[in-house]
Every structure is written in structure tokens, then in C-alpha cells.
Amino acid sequence: MASQVVNLRVNERSREFLAAPGTSLLSSLRDALGLMAAKRGCAQGSCGTCTVLLDGRPVMSCLVAVETVDGASVRTLEGVARDGELDEVQAAFLEGFATQCGFCTAGMIMSAEALLDRNPDPTREDVVEAISGNVCRCTGYGPIVDAILDAAARRRP
Amino acid sequence: MAKLRGRGYASVNYPTGMNLGGDPSQALIHATTTGTFVVSLSSVDLGQGLKTVVAQCAAETLGLPMENILVDTADTDTGPHCMGTFASRGTHRVGNAVIMAAAEAREVMLAVAAEELEVDAGDLETDGTGYIQVKGAEEKRVHITDLALAAHFTHGRTISGRGIFLKEKNDPVPETGEMDPDSCQAHACTVAVVEVDDETGVVEVLEMHNAYEIGRALNPAMVAQQVEGGAWMGMSHALFESTEPYYPTRDHGPGDFNEYLMPGPADIPMYHNAILERPAGNGPFGAKGIGEMTANAPIPAIANAIFDACGVRLDTMPFTPERVLRGLDELRGNHH
Amino acid sequence: MRYKTNPIDRTYFADEPAEDFNVIGSVVQRSDALGHVTGRTTFFEDLSPPDLLHVKMHRSTRHHARILGVDLTDALAVPGVVRILTHADIPNNVFTPLKLIGVQPDDEPVLAEGKVRYLGEPICAVVAETEAAAYEGAARVRVDYEELPAVLDVEEALAEGAPIVNEYHGNNYFTYEGHHCRRIRFGDVESAFAAADHVFEWRYQSAPIEHAPTETTGCIVVPQPDGRLRIHSDTQACFFTLDNTALILGTPFNKLRIVGGTVGGGFGGKVDIAVEPVACVAAMLTRQPVKYVYSRYEEMQVSSPRAAERIYIKDAVMADGRITGRKITLYVDAGAYSRHSPYGTTKAAAHLPGPYSIPNVWADCHCVFTNRTPSSAMRGFGVTIGDFALESQMDRIARELSMDPLRLRLINAYRDGDMKAHRKVAEGTALVEVIQKAAEMVGHELPAEYRQMSSMDRASMDREGR
Ligand code: FES
Ligand code: FES
């Protein structure tokens with residue numbers, strides 16, 4: 001089977017690239033587009049380090065065959081800061097010491113963005129639910145949950 | 001059928017700065033012409049925060065703000081030798097090497113400042129914001145940026161320093177096991193409160209109280225990260241983890257995070273932590289190091305809490321619902 | 001909440017001189033956090049050099065077997081497969097990582113040679129233009145085995161007549177200067193047992209545990225114009241990896257350069273020399289950049305776990321709670337090869353009998369070879385599982401004597417000046433104080449004489465007549 005041209009709107013920019021059949025969205029972002037924030041922790045849908053927003057919804061990008069989402073819009077961690085300014089989630093992670101090795105951070109922040117986009121006023125349980133597909137081996141999760149709640153508070157007018 | 005609550009205790013010590021291999025670590029430090037001090041290492045930060053801690057050690061020793069420190073590490077072409085990040089040697093070994101290098105650089109910095117200000121180096125002090133000044137006559141001062149420029153272009157001096165920390169390799173005496181394998185002992189006592197569901201065998205950890213003694217908390221927020229991250233890992237080891245769940249047979253080994261179980265964000269207990277400081281004479285600013293030990297005390301504390309809750313003594317890790325239920329069955333006299 | 005800190009309680013060790021620090025002891029932002037939250041931190045796999053080749057391994061499907069033949073025909077026919085490495089391509093195929101600190105013998109092949117000793121042992125490395133082709137090639141390698149009896153239990157491995165796991169050792173245990181185990185001999189445990197009011201003996205067991213860092217072990221090797229190799233790695237130990245790799249390759253050390261230091265979690269699992277040697281050989285033979293990174297499955301099942309341990313503890317205990325003798329037999333399941341286990345077993349021995357002053361201690365700590373995935377260092381190496389056993393033991397003794405478990409610990413706690421079982425005088429101790437603090441935190445009442453105990457003052461204990 002031949003490679004095909006795929007069009008995506010990534011972080012508000014139109015991108016066009018060739019993808020061999022079955023190439024994952026994660027590989028496309030990393031290898032074709034050079035966007036390295038999303039990580040490959042398992043490539044089989046078990047860790048969440050590859051989480052990005054696909055048309056606004058969080059997905060494990062390692063499980064999405066890119067040819068099936070031609071024309072979609074994608075948001076990665078590279079597209080979260082505005083004009084070099086951290087957004088509330090990033091700032092809360094930074095100041096809340098919610099990162100250690102940082103390998104899970106991109107996925108965590110994207111899951112948090114998706115949650116806060118649809119629910120600006122989440123409970124602790126909502127936050128826990130939103131990151132339940134994201135593995136962190138370093139922090140014990142507490143500082144991450146606190147940071148997401150803090151981000152929600154910062155975002156409220 | 002009930003949820004049974006219990007409390008368990010464990011107290012431990014932990015050796016830091018191991019020298020069974022005798023492996024020393026080195027640090028080099030030099031000032032750029034604008035007064036930034038570059039700390040060159042080959043040590044590795046695993047996420048525990050080594051880069052930040054060594055920058056603090058350098059800033060403290062030099063008497064300069066954190067913004068004046070850059071850490072350049074983990075390139076074997078540019079960094080001097082470090083055996084690696086293991087055996088709780090990062091903070092202890094590398095911290096000490098950086099302090100030694102920074103102290104040597106500070107001496108040069110003060111000597112050049114003495115020339116520049118035409119005073120005695122012994123009369124100089126740093127103010128922590130970037131100035132080197134005369135004690136008691138603070139208006140007589142020079143900023144590190146100007147000083148570093150002058151050192152290079154006027155005085156022809158390199159503001160630099162070298163550091164190494166070695167505790168010689170120790171070989172145990174084979175007959176008796178006599179040895180001197182480490183540099184310090186850190187301490188912890190954990191109290192775990194659990195609830196055991198006597199129908200499902202599921203153990204929930206409700207509270208963990210951790211008292212640590214680590215010599216010196218160099219960065220209290222990063223100590224908190226280690227205490228909580230480690231307590232979670234200990235709980236995970238205790239209740240869930242194994243690559244060979246039917247050890248010693250190798251069957252049913254998990255292949256990914258869907259199969260290798262660990263507690264999620266919904267399962268974390270309430271933590272109450274406290275830190276005691278008994279500075280170690282040989283540690284950097286008295287620090288002993290903490291990262292490795294934090295998963296240790298939680299495991300037996302949980303085992304002991306399970307016994308307290310339901311009378312089941314679990315002598316085999318992990319403490320799965322299956323093992324709890326088998327223990328309860330035995331207590332009830334149901335042998336299958 | 002912006003950040004959490006743990007309260008530092010200065011009521012303990014209040015006599016320590018107060019020091020006036022500028023940045024030590026304060027909450028300083030992590031220097032790596034900005035990179036993490038913006039996704040700009042560069043991990044080794046975030047590099048994508050042009051013409052990158054990929055390595056995937058064909059691994060043993062047996063616990064223990066002789067290799068009768070390896071057939072690469074089908075694998076080489078897979079489009080995109082460039083080359084397949086076997087042990088013959090590795091200059092110094094047999095190694096042991098701790099030879100750098102004098103541990104011998106070399107006992108582990110980089111790629112299996114004649115025999116496999118555990119399920120998942122690497123046999124040949126398929127180098128291909130794409131990851132998919134490398135996987136496909138690895139799946140098409142055919143290995144002809146003659147099955148050998150395997151031993152998977154530490155005590156069975158030490159029993160007479162057990163199959164030999166690792167011929168380089170000749171026995172199923174690591175030999176410590178002529179001894180079959182690392183020993184501690186302090187006082188006379190047998191007379192302590194004879195004189196004790198109670199003797200308690202229990203057994204403890206753990207199973208292997210995976211480090212499970214979110215980033216798997218791996219490296220990218222890029223040949224340089226000057227003939228050197230630049231290795232981008234997530235090793236925990238740059239020079240340790242460099243030195244071992246150079247020894248395996250038989251190249252001068254200065255031919256290699258390791259660039260790393262940003263690691264997605266290590267916990268001890270990235271101290272092994274797991275990927276760099278093969279990736280370097282592949283890069284040297286193809287003169288192209290090569291990536292070799294573990295899949296999540298390999299990380300779970302093939303990378304070294306924390307060793308399973310089996311521990312027997314027998315204690316001589318007096319009616320007042322004093323432990324007068326402790327005898328420990330500890331087995332570390334090293335799996336098929338030494339890696340770091342001889343070191344971890346010594347560290348385990350030095351930790352005994354736990355943070356207590358016990359006048360008579362006897363320990364035999366065995367580093368045992370079995371036909372399983374070699375184990376290695378992990379956070380708390382040599383100590384974590386020992387602590388599980390030791391502190392469970394303390395709880396059981398307290399229950400047997402109907403004693404407060406914290407008082408039992410305080411009575412036996414080691415203090416400054418005590419001689420430990422490995423004949424090192426204790427200093428800087430603080431077990432008493434962390435127990436007192438924990439008791440205070442949970443409202444566990446201790447009588448005044450226990451609250452007044454001090455790590456620095458054995459006399460406060462002696463007044464109670466110990
Ligand atoms: S890499 Fe996609 S879930 Fe792990
Ligand atoms: S910070 Fe390391 S995995 Fe989350």
C-alpha cells in the first residue's frame with residue numbers, strides 16, 4: 001500500500017505530510033512534523049504520555065492511525081503557551097512542583113486542558129477521572145491533582 | 001462483611017553515599033566574562049532534581065544568587081568523571097564535589113576583587129545578590145559582572161575551581177563482614193492506616209504519616225516530592241507490583257501498564273510528613289540524601305497495618321486481595 | 001496551593017548550630033520544570049538524525065536451552081532489513097558491568113553464544129530502515145534449541161544436583177572471596193538463642209518488581225565525521241556506560257562520547273549496560289545513526305527487575321523486649337547473570353540486623369543464579385525488601401510479647417557510639433527521634449522515659465537498667 005498525503009491543523013497551523021498506512025498520529029507528530037512534546041511511553045495505549053487533543057478531545061495519539069483523521073485539528077503541548085506566556089495549567093504545574101522527570105508531563109497537561117475546557121470548575125474526583133489514563137511513576141500523583149485544581153482556580157475570573 | 005481498619009508501624013535507616021565501589025565524583029566550575037558560573041559535571045538527573053540541588057550548593061558557596069549559576073552536565077566530552085546516579089550518591093558525592101569546586105572559585109573571586117578594590121581579600125564578603133563588598137564598609141563593592149570582566153580583560157585571571165569527593169573503596173572482610181560501606185545513615189518512621197475489605201480482600205491505604213531525618217533538607221519542596229513519590233511507590237510495591245505474579249514461575253507476566261498494576265490518583269492516602277535535621281559532618285551542608293529510601297518504610301508499615309486490621313500476617317509481597325482472602329479463610333478455619 | 005513542603009521540626013536536635021543560609025534550605029524552583037511544562041525538554045528519543053536505522057532483538061523463547069542453530073534467511077529477506085548482528089559481531093561479547101570496580105568473572109554475553117539462560121535473552125539484533133521492518137525481521141529469525149532443565153527457585157538452585165545456570169561461575173551462587181555467600185559474624189548467636197526467653201523464626205518472600213519508568217531504556221548512536229560515536233542515552237551513569245561499552249567494543253575510551261542526563265525516570269533500572277553496545281556495533285558496521293530503544297514489553301519483562309528475595313529471620317528475645325541475637329539467611333534471586341547483584345547482596349548484608357543494636361548477629365546473604373531475567377539495582381537496592389522482613393519481624397515480636405510496637409523498637413534502637421554488626425561505629429543516628437516524632441504525629445502515647453530517650457545519649461537508656 002502506498003503512503004498517502006495527510007492534512008492536519010496542528011496548533012492552529014495547516015500541515016501536510018506523507019504517511020505510510022497505519023502510521024500513528026504520535027509518530028506523525030514526532031517524526032513527520034518534529035513536534036516532540038508528546039512522548040512514546042508504551043505505543044500501546046497504556047500510559048497516556050502521548051496524549052494530545054484531537055478536535056478538542058484527549059486521545060492517546062499512539063492508538064490513532066493518522067490516515068483516519070485526515071483534516072482534523074490537533075493540539076499538542078507546544079501549542080499551549082500563548083506568545084511565550086505559560087497558561088494556567090503550565091504555571092500551576094511549574095509552581096506546584098508537579099514535575100519530576102517530566103516524561104509524563106505533556107500527557108498530563110493535555111488531559112488537564114481537555115478537562116478544564118469542558119468543565120472549568122472540576123471537583124477533585126473529576127480531576128482524578130480525567131488523568132486516570134495517564135501514568136506517572138515519580139510524583140505519586142498528589143502534586144499533579146493539586147496543580148490541576150489550582151489551574152482551574154487561576155482560570156476562574 | 002465489614003471494612004476493618006488498622007494501623008501499622010515501621011522504622012528504618014538507610015545508608016547514603018555508598019563507597020563499596022569507591023567511585024568518586026568530580027566537578028569543575030568557571031566564571032564566564034559576565035559573571036555566570038558554569039558548573040561542569042557528567043552526573044545524571046533522573047528527575048529527582050540533582051541539577052537544581054547542585055546549583056543551590058554552588059550559589060550558596062560562592063555567595064551569589066541562583067541566576068548566576070548554570071549547570072552543564074552529562075556530556076562525557078565536557079564533564080569530569082562521575083560514576084553515575086545510583087547508591088544514593090548524587091546529593092552526597094556530587095554536592096560535596098561542587099562545594100569544593102565552588103569554594104576554590106570563590107577564593108579566586110575574592111582575590112581578584114581584593115586587587116580590584118585595593119583591599120585585603122580577608123576583609124571581603126559576598127552579599128548574596130551579586131556584590132562582593134568590604135565588611136563594614138558596604139559602599140566599597142564590586143558587582144560580579146564587572147569583576148568577571150576585569151578578571152579576564154584586566155587582571156588576566158581565571159575565576160575557576162576544581163572539586164572531587166572520594167571516600168575510598170572499602171572491601172569487606174570476608175570472614176566477618178566487617179566493612180565501612182557508606183557515608184551517612186538517614187532515618188524514617190512511617191505509620192500507615194489501612195482499611196481491609198474482608199469480603200473482597202482489597203486493602204485501601206487511608207493515611208500515611210512519615211517522619212524523616214535526612215541531615216539537611218537542601219530544598220524542602222524537592223524533599224516533599226521524594227517523600228510523597230516514594231510513599232506512593234512503597235504503597236504500590238506493597239499492594240500491587242510484580243513482573244512475575246506467580247513467582248517463582250514466570251507465567252502471566254504483565255507486558256504494559258494495563259497489566260502491571262499500580263495505584264492511580266484515586267488511591268492516594270492522606271499524607272502527614274515531618275522532617276528532622278541532624279546535619280551530617282561529611283554531607284553537603286549536612287545533607288545525607290533522601291531519594292532512594294522513601295519507598296522502604298511504607299511497605300512493612302502497610303503489612304503491619306493489615307495485620308492490625310484483620311489478623312492476617314502477610315509475609316509474601318505483594319499483598320494482593322487473593323493473599324488477604326486466603327489469610328482470612330485460614331483464620332476462619334476454611335481450608336480449601 | 002502553590003507547592004507543598006514538609007514541616008521541618010526543629011524541636012528535635014535543637015542543639016545543632018543554627019546556620020544562616022542564602023539558598024540552602026529554601027524552596028528554589030526546579031531548573032528543569034520550565035522545559036517540562038512547555039514540552040521543550042529534550043529526551044534522547046527526541047532526536048531524529050537523518051538515515052536513522054532501528055534495532056529490534058530476537059529473544060530466547062526458552063528458560064534454558066542450548067542453541068543448535070540460528071537461521072537468518074527469512075529475516076534477511078524482509079524488505080528494509082539491513083543487517084543482523086550475532087555474538088560474532090560483538091568484539092568482546094562476554095562482560096560484567098561491575099568489572100569497573102573489580103567484580104569478576106565476566107559472565108554475560110551481549111548476544112547469546114551457544115546457550116540461552118533466561119526467557120527473553122537477546123540472541124540476534126536486526127538492524128532495519130524502519131521500526132516495522134526491524135520487528136518483522138526479528139520475528140522471522142529461526143532458532144533451533146535443545147531444551148535444558150531450568151531452575152527458577154533460589155533454594156532449589158542451591159540444592160545438590162541442581163542444573164548449573166551460569167558456567168562462568170561454576171556454581172549457582174556468586175563467590176565472595178572463597179565464601180558461598182556474603183557473611184556477617186558478630187558475637188555468638190547460638191548462645192543468645194540458648195539464653196533467650198523466646199526464640200522466633202519467620203520467613204519472608206518478595207517477587208520481582210519492575211522499575212517502570214515512563215520512558216523506556218534506549219539510545220541513539222550517531223557516527224561522527226572524526227570517526228567517533230556520539231551516544232545519546234538515558235543511562236543513569238554516563239561514564240559507567242561509556243567505560244563498559246568501550247571495553248565491549250574493544251575501542252579506545254575516547255572514541256565514544258555520551259550525551260545524556262535527561263532521563264524519564266530511572267529508579268536504578270538504567271544502570272545496566274543494556275542497549276549501547278549493540279547500537280554502537282550496528283552504527284559502526286553500517287556507518288549510519290542507529291536507535292535501539294526497549295518496547296514497553298521489553299521494559300516490563302526483559303529489563304532487570306528489583307530482585308525477588310527470600311529472607312529467614314530467627315531472633316533471640318528476652319521477656320523485656322530486648323533482642324539479644326538475630327540470625328538471618330537471605331537469598332537474592334539474581335537471575336541468570338551477576339549485573340549489580342553481588343554489590344546489592346553486600347549492601348543487604350551491611351544493612352543487617354536493621355537499625356537496632358543487637359549484640360549477636362549472624363547472616364548469610366546468598367547471591368543466587370536462576371534461569372530468570374537478571375535482576376539488578378533498584379531504588380533502595382539491597383535494603384527495601386530487607387526492611388519489609390525486618391520491620392514485619394519487629395511487629396510480630398511486639399505482638400507475641402503483647403508489647404507496644406514503638407517501645408519495642410525504642411528499646412532496641414541503635415544510638416551513637418553503638419557498634420553495628422559490620423563493625424562500624426554508629427554516628428549521626430536518629431532512629432529514636434523519628435519514632436518519637438511519628439508517635440507524636442499520630443497521638444501514640446509514649447511514657448516519659450521513652451519520650452526522653454536520645455540517639456546521642458545512651459545513658460538515658462541505661463538508667464532504665466539495660
Ligand atoms: S504511548 Fe500512547 S498510551 Fe503509551
Ligand atoms: S514526573 Fe516522571 S513520570 Fe511523571
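## Two chains, A and B

In chain B, the 22 positive and 46 negative charges have mean positions that lie 3 Å apart. That is a good place to start a tour of this structure, which is a predicted model.

Let us stay with chain B for a moment. Its secondary structure consists of six helices and eleven strands. For 336 residues the globule rule gives 20 Å, but the radius of gyration of chain B is 26 Å, so this chain is more spread out than a compact globule. Along the principal axes, the C-alpha atoms of chain B occupy a box of roughly 90 × 45 × 40 Å. Within chain B, 66% of the 336 residues count as buried. Many contacts in chain B bridge long stretches of sequence: of those with a separation of 6 or more, 73% are between residues 24 or more positions apart.

Now for chain A. Here you will find five helices and five strands. If you follow the sequence from its start, the elements come in the pattern β-β-α-β-β-β-α-α-α-α. How does the radius of gyration of chain A fit with that of a compact globule? Chain A has 15 Å, and a compact globule of 157 residues would have a value near 15 Å, so the two agree. The box filled by the C-alpha atoms of chain A is roughly 50 × 30 × 25 Å along the principal axes. Of the residues in chain A, 61% count as buried. Taking contacts in chain A between residues at least 6 apart in sequence, 57% join residues at least 24 apart.

Chain A also comes with a domain assignment, which gives domain 1 (4-78) and domain 2 (88-155). The C-alpha centres of these two domains of chain A are 21 Å apart. How many residues of each domain of chain A are in contact with the other? On one side there are 18 residues of domain 1, and on the other 14 residues of domain 2.

Charges can be looked at in chain A as well: the mean positions of its 15 positive and 20 negative charges are 4 Å apart.

Finally, here is what each chain exposes.

| Chain | Exposed area | Share from carbon and sulfur atoms |
|---|---|---|
| Chain A | about 6000 Å² | 47% |
| Chain B | about 11100 Å² | 50% |

To pull the picture together, chain A agrees with the radius of gyration of a compact globule and is assigned domain 1 and domain 2, whereas chain B is more spread out than a compact globule.

Terms used: Residues are numbered from 1 along each chain as its sequence is written. Chains are lettered from A and ligands numbered from 1 in the order in which they are written. This is a predicted model: local features need pLDDT of at least 70, side-chain atom pairs count only at pLDDT 80 or more; totals for chains, interfaces and linings use all residues. Side-chain values use heavy atoms; hydrogens and water are left out. Helices (H or I, at least four residues) and strands (E, at least two) are DSSP runs, numbered from the N terminus. The radius of gyration is taken over C-alpha atoms; the globule rule is 2.2 Å times the number of residues to the power 0.38. Buried means under 20% relative accessible area, exposed over 50%, partly exposed in between (1.4 Å probe, protein chains only). Contact means heavy atoms within 4.5 Å. Accessible areas come from the Shrake-Rupley method with a 1.4 Å probe; for residues, only the protein chains shown count as cover. Lys and Arg count as positive and Asp and Glu as negative; His and the chain ends are not counted. The place of a charge is taken as NZ of Lys, CZ of Arg, CG of Asp or CD of Glu. Domain bounds come from an automatic or database domain assignment.
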